[in-house]
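User: I am new to this structure and would like a careful, close look at a single part of it, explained in connected prose.

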Amino acid sequence: MYNDFVPQLSHALKSLSKILTKAEAHCDMKNIMHERILNAGLTPDMYAFTKQVQTVTDLSTRAVARLKGEEPQSIEFRTASFEELRAILQNAQDTLNKVKADDFTNAADIGITMKTPNDEINMTGHQYLYSFVYPNFYFHMTTAYQILRHNGVDIGKMDYLGRA
């Protein structure tokens, strides 16, 4: 499970960090207040850019804990600056960097229970990674990317893929 999880999310976090740097430079070059981008969203009922980034990091760090059989800790969602978002991303990156393949020896079969406001979801580690972590992680990463594109930040597919 280590090879199915850690390298991919680590690479995506690095890409998102570089995208943040481009977004901040865009704001500075165009004299746009940072808060305008940080608080931007696609629709009123969706998370703003800042919370999209925070959710990406929260998903990755919580997944590490759950797949190791530990109780995950959440981050506090709050308005943050570009610098703070990069620090949050770096913290998630550091968490992934500390993980060893042996940490996930039984991860595919481990039982994971997630509580929602109306239900409790039980699944194996394999089901959790492929049906919850990946779809949610990439949904929020893509939405963060789209918010920036929608607001005129000059980023493209290669930035998202981490090839720029």
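Does N31 count as buried or exposed, and at what relative accessibility? Please set the answer in the context of its surroundings and of the whole chain.

Analyst: N31 counts as exposed, with a relative accessibility of 71%, where exposed means over 50% relative accessible area, buried means under 20%, and partly exposed covers what lies in between, computed with a 1.4 Å probe on protein chains only. This is a predicted model in which local features need pLDDT of at least 70 and side-chain atom pairs count only at pLDDT 80 or more, while totals for chains, interfaces and linings use all residues. Residues are numbered from 1 along each chain as its sequence is written, and side-chain values use heavy atoms, with hydrogens and water left out.

As for its place in the chain, N31 sits in the loop that runs between α1, residues 2-29, and α2, residues 34-38. Its backbone also deserves a look, since N31 has a positive phi of about 55 degrees although it is not a glycine.

Before following the helix that leads into this loop, it helps to have the whole protein in view. The secondary structure consists of six helices and two strands, counted as DSSP runs numbered from the N terminus, with helices being H or I runs of at least four residues and strands being E runs of at least two. Read from the N terminus, the order of the elements is α-α-α-α-β-β-α-α. The radius of gyration of the protein is 16 Å, which agrees with the value near 15 Å that a compact globule of 164 residues would have; the radius is taken over C-alpha atoms, and the globule rule is 2.2 Å times the number of residues to the power 0.38. Along the principal axes, the C-alpha atoms fill a box of roughly 50 × 35 × 25 Å. Of the 164 residues, 43% count as buried. Among contacts with a separation of 6 or more, 71% are between residues 24 or more positions apart, a contact being heavy atoms within 4.5 Å.

Now to helix α1, beginning with S10, which is found in this helix. S10 is buried, its relative accessible area being 9%. Once neighbours within four places in sequence are set aside, S10 is in contact with Q93, L96 and N97. The C-alpha atoms of S10 and Q90 are 9.9 Å apart in space, although these two residues are 80 residues apart in sequence.

Further along is K22, which forms a salt bridge with D159, with 2.6 Å between the closest N and O atoms. K22 lies in helix α1 and D159 in helix α6, residues 157-161, so this pair ties together parts that are 137 residues apart in sequence. A salt bridge here is a side-chain nitrogen of Lys or Arg within 4 Å of a carboxyl oxygen of Asp or Glu, and the structure holds five of them. K22 is partly exposed at a relative accessible area of 35%, whereas D159 is buried at 12%.

Another salt bridge joins E24 to R86, where the closest N and O atoms are 2.7 Å apart. This pair, too, links distant parts of the chain, with E24 in helix α1 and R86 in helix α4, residues 82-98, which places them 62 residues apart. E24 counts as buried at 19% relative accessibility, while R86 is partly exposed with a relative accessible area of 21%.

H26 also lies in helix α1 and, with a relative accessible area of 9%, is buried. Not counting residues up to four places away in sequence, H26 touches I32, N151, G152 and V153.

Helix α4, which holds the partner of E24, also contains E83. E83 counts as exposed, with 61% relative accessibility. Between the C-alpha atoms of E83 and K30 there are 18 Å in space, and these residues are 53 residues apart in sequence.

To return to the starting point, N31 counts as exposed at 71% relative accessibility, whereas H26 is buried at a relative accessible area of 9%.
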